[in-house]
Amino acid sequence: MTILINILLILLALIILKLILISVFFFEEIKAAQKKDPASRSFLEIVLLYQGLHALIAYRVAHFFYKARFYLIARFMSQLARFLTGIEIHPGARIGKRLFIDHGMGVVIGETAVIGDDVLIYQEVTLGGTGLEKGKRHPTIGSNVVIGAGAKVLGNITIGDNSYIGSNAVVIKDVPSNSTVVGVPGRITKQDGKKIDVSLDHAHVLDPIMQNLEELENRIKKLEDK
Ligand SMILES: CC(C)(COP(=O)(O)OP(=O)(O)OC[C@H]1O[C@@H](n2cnc3c(N)ncnc32)[C@H](O)[C@@H]1OP(=O)(O)O)[C@@H](O)C(=O)NCCC(=O)NCCS
């Protein structure tokens, strides 16, 4: 009986130690979650129950192994975290400080994605590639960006600082800083605090003739390079 009590006490001590370590090493992330989630009630609630935080902790450990070239262990950790949290972060991704993934289920962050500081990502967001290309094929997200639920940001594109990606948008082109993008394909509706009237905004309207010309130009360039 006393052995059982001792084992339980040791387990309890380990859990308390783990909570203390998480609170110390992920203090900034927990504070960011408290700030960005109006539904959060306490520090302890976030430490114990927020999948976004748990996925981030697992990512930091997996990324450590990835950088040390222990790719299988790194991948195992990220898959385990995916199983437990529903959030898949490739250990090769580079993530800045204070990322908060709210709700989180269905989030996928690709191997060559880069995320700046203070980014907020909602559930079902994909930072993915557009095809089977190799090398840098995932987006670079600036600092202080919000990516709405279900948004897909695809390809080696850059999302500028302080931008908002609307929920369910599909973004496949660079987005300048301080912009709001909505729709499929993503179109800029606000920039530097000013609303953009898409019907009058020639800079952001997709011109099919120009697109064809650009495509032809690219093909000629490729042929010339051969
Ligand atoms: C895009 C977003 C950031 C709003 O930005 P905003 O600058 O306040 O935009 P507004 O509400 O003024 O809307 C601007 C235009 O975009 C449209 N719009 C807004 N969000 C949109 C979306 N996700 N998809 C398509 N159109 C959208 C609006 O209808 C409006 O169109 P209009 O000018 O023709 O009337 C916000 O709507 C959004 O999608 N946030 C993500 C939040 C989220 O995912 N929450 C999940 C919580 S669980």
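Here is a friendly walk through some points in this predicted model.

1. Let us start with helix H2, which spans residues 27-36. Four of its residues, Glu29, Ile30, Ala32 and Ala33, are buried. They sit on the same side of H2, because they cover an arc of only 160° around the axis. If you turn the model to look at that side, the cover over these buried residues includes helix H1 (2-25), helix H3 (43-49), helix H4 (51-67) and strand E3 (100-101).

2. Next, find histidine 90. Its place is the loop between strand E1 (88-89) and strand E2 (94-95). Is histidine 90 buried or exposed? Its relative accessibility is 15%, so histidine 90 counts as buried, since the cut-off for that word is under 20%. Leaving aside residues up to four places away in sequence, histidine 90 touches Tyr59, Tyr66, Arg75, Ile109, Gly110 and Glu111. The side chain of histidine 90 also reaches the backbone nitrogen of glycine 92, at 2.9 Å.

3. Now for some backbone angles. Most residues other than glycine have a negative phi, and most peptide bonds are trans. Against that background, have a look at arginine 98, in the loop between E2 and E3. The phi of arginine 98 is positive, near 60°. Histidine 103, in the loop between E3 and strand E4 (108-109), also has a positive phi, near 65°. With a relative accessible area of 53%, histidine 103 is exposed, the cut-off for that word being over 50%.

4. Which peptide bond is cis? The one from valine 184 to proline 185, with omega near -10°. You will find proline 185 in the loop between strand E14 (179-182) and strand E15 (187-191).

5. That loop belongs to a hairpin, so to speak, worth tracing by eye. E14 and E15 run antiparallel and are joined by four bridges. Valine 182 has arginine 187 in E15 as its bridge partner. Between the two strands of this hairpin there are four residues, and glycine 183 takes a positive phi near 90°.

6. Follow the chain onward and you meet another hairpin, made by E15 and E16, with two residues between the strands. Strand E16 covers residues 194-195, and its pairing with E15 is antiparallel, over two bridges. Glutamine 191 stands opposite lysine 194 in E16. In the turn, aspartate 192 has a positive phi of about 50°.

7. Finally, turn to the ligand. The residues around it are His103, Tyr122, Gln123, Gly148, Ala149, Tyr164, Gly166, Ser167, Thr180, Val182, Lys190 and Lys195. Some of these names should be familiar: histidine 103 came up for its positive phi, and valine 182 for its bridge to arginine 187.

8. How do oxygen atoms of the ligand sit relative to the protein? A backbone N or O atom of alanine 149 lies 2.7 Å from a ligand oxygen atom. For serine 167, a polar backbone atom is 2.9 Å from an oxygen atom of the ligand. With lysine 195 it is a polar side-chain atom that lies 3.3 Å from a ligand oxygen atom. Taken alone the ligand exposes 910 Å², and the protein buries 48% of that.

Notes: Residues numbered from 1 in each chain as written. Predicted model: local features only at pLDDT ≥ 70, side-chain atom pairs only at ≥ 80, totals over all residues. Heavy atoms only, no water. Buried < 20%, exposed > 50% of the residue type's maximum accessible area, 1.4 Å probe, protein only. Arc of directions from axis to C-beta. Contact = heavy atoms within 4.5 Å. Polar contact = N/O pair within 3.5 Å; in protein donor to acceptor, adjacent residues only side chain to side chain. Pairing = 2+ DSSP bridges. Near = heavy atom within 4 Å. Areas by Shrake-Rupley, 256 points an atom, 1.4 Å probe, with all protein chains shown as cover.
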